[in-house]
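This briefing is intended for a reader who wishes to work from the coordinates. The sequence and the model are shown first, and the notes that follow are grouped by topic.

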Amino acid sequence: MARILIVDDSPSQLMGIRRIVEKLGHEAVTAEDGAAGVRAAKEYLPDLVLMDVVMPNLNGFQATRTIKRDPATSHIPVILVTTKDQETDRIWGIRQGAQGYLTKPFSEAELTEAIVSTIGHGSETPPSGDAA
C-alpha cells in the first residue's frame, strides 16, 4: 500500500480522487491548497502527490517546484491533475518537476493508469476482511 497525497481546492475533486486511490488499496492524505500540500509532503513523505494546478495561496506549479527543490521531498513523484489542457501548461508542469500530467475531466481508468505507471500496483492482494 502506498501513501498518496491529493492536493486540490475542490472538495468534490478531493472526494472523487480519494475514492479511486482507496479503491486501489492505497492510503489517501489530502490538502486543500498548494501551501498545505507542500507542508503535507514534508510531514507525511508520501509515495506520490496528485496535484491540482489552479489553487489559492500557492498554485500547483509553484507547489510542485517547491517539493522538487527540497532535498527532503525531491524524491516524491508528482502528477499534475488539472483543467489546464494547453500543451504549454503541460510543458511548464514537467519543467517544474512533475512526472506526469493528467487533464480533468479524467476517467477512473486514466487516473488508475497514471498512478500505476508512476508507483506500480501497490498492494498485490486485496486488503483482508474486505468483501466484494
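## Fold and contacts

Of the contacts in the chain with a separation of 6 or more, 62% are made by residues 24 or more positions apart. The model is a predicted one. The chain contains 5 helices and 5 strands, and from the N terminus on these elements follow the order β-α-β-α-β-α-β-α-β-α.

**Overall dimensions and surface**

- The radius of gyration of the chain is 14 Å, which agrees with the value near 14 Å that a compact globule of 132 residues would have.
- The C-alpha trace spans about 45 × 30 × 25 Å along its principal axes.
- Buried residues make up 44% of the 132 residues of the chain.
- The accessible surface amounts to about 7,000 Å², and carbon and sulfur atoms contribute 51% of that area.
- The chain carries 13 positive and 18 negative charges, and the mean positions of the two sets are 6 Å apart.

**Annotated domain**

- An unreviewed UniProt entry lists residues 3-119 under "domain: Response regulatory".
- This span, residues 3-119, is 47% helix and 20% strand.
- The C-alpha atoms at the two ends of residues 3-119 lie 10 Å apart.

**Asp-52, a residue with a UniProt annotation**

- The UniProt annotation "modified residue: 4-aspartylphosphate", from an unreviewed entry, covers Asp-52.
- Asp-52 is located in the loop between β3 and α3.
- Is Asp-52 buried or exposed? Its relative accessibility is 5%, so Asp-52 counts as buried, the cut-off being under 20%.
- Beyond its neighbours within four places in sequence, Asp-52 is in contact with Val-7, Asp-8, Asp-9, Gly-60, Val-81, Thr-82 and Lys-104.
- Asp-52 and Arg-3 are 49 residues apart along the chain, and their C-alpha atoms are separated by 17 Å.

**Backbone geometry in the loops**

- The peptide bond from Lys-104 to Pro-105 is cis, and its omega is near -5°.
- Pro-105 belongs to the loop between β5 (100-103) and α5 (108-119).
- Lys-104, on the other side of that cis bond, is also among the residues in contact with Asp-52.
- Leu-45 is not a glycine, yet its phi is positive, at about 45°.
- Leu-45 sits in the loop between α2 (34-44) and β3 (48-51), and its relative accessibility of 43% makes it partly exposed.
- Asn-57 likewise has a positive phi, near 70°, in a residue other than glycine.
- Asn-57 lies in the loop between β3 and α3 (60-69), and with 65% relative accessibility it counts as exposed.
- Asp-52 and Asn-57 are both placed in the loop between β3 and α3, where Asp-52 is buried and Asn-57 is exposed.

**Two helix residues, Leu-111 and Arg-95**

- Which element holds Leu-111? Leu-111 is part of helix α5.
- The relative accessible area of Leu-111 is 0%, and therefore Leu-111 is buried.
- Apart from neighbours within four places in sequence, Leu-111 is in contact with Ile-17, Ile-20, Leu-50, Leu-102 and Phe-106.
- Leu-111 and Ile-79 are 32 residues apart in sequence, and their C-alpha atoms are 9.9 Å apart in space.
- Arg-95 belongs to helix α4 (residues 87-95).
- Arg-95 has a relative accessible area of 63%, so this residue is exposed.
- Between Arg-95 and Lys-42, the C-alpha to C-alpha distance is 21 Å, with 53 residues separating them in sequence.
- Of this pair of helix residues, Leu-111 is thus buried, whereas Arg-95 is exposed.

Notes:
Residues numbered from 1 in each chain as written. Predicted model: local features only at pLDDT ≥ 70, side-chain atom pairs only at ≥ 80, totals over all residues. Heavy atoms only, no water. Helix = DSSP H or I, 4+ residues; strand = E, 2+ residues; numbered from the N terminus. Buried < 20%, exposed > 50% of the residue type's maximum accessible area, 1.4 Å probe, protein only. Rg over C-alpha atoms; globule rule 2.2 N^0.38 Å. Contact = heavy atoms within 4.5 Å. Areas by Shrake-Rupley, 256 points an atom, 1.4 Å probe, with all protein chains shown as cover. Lys, Arg positive; Asp, Glu negative; His and termini not counted. Charge placed at Lys NZ, Arg CZ, Asp CG, Glu CD. UniProt positions renumbered as here; feature names shortened; annotations may be inferred.
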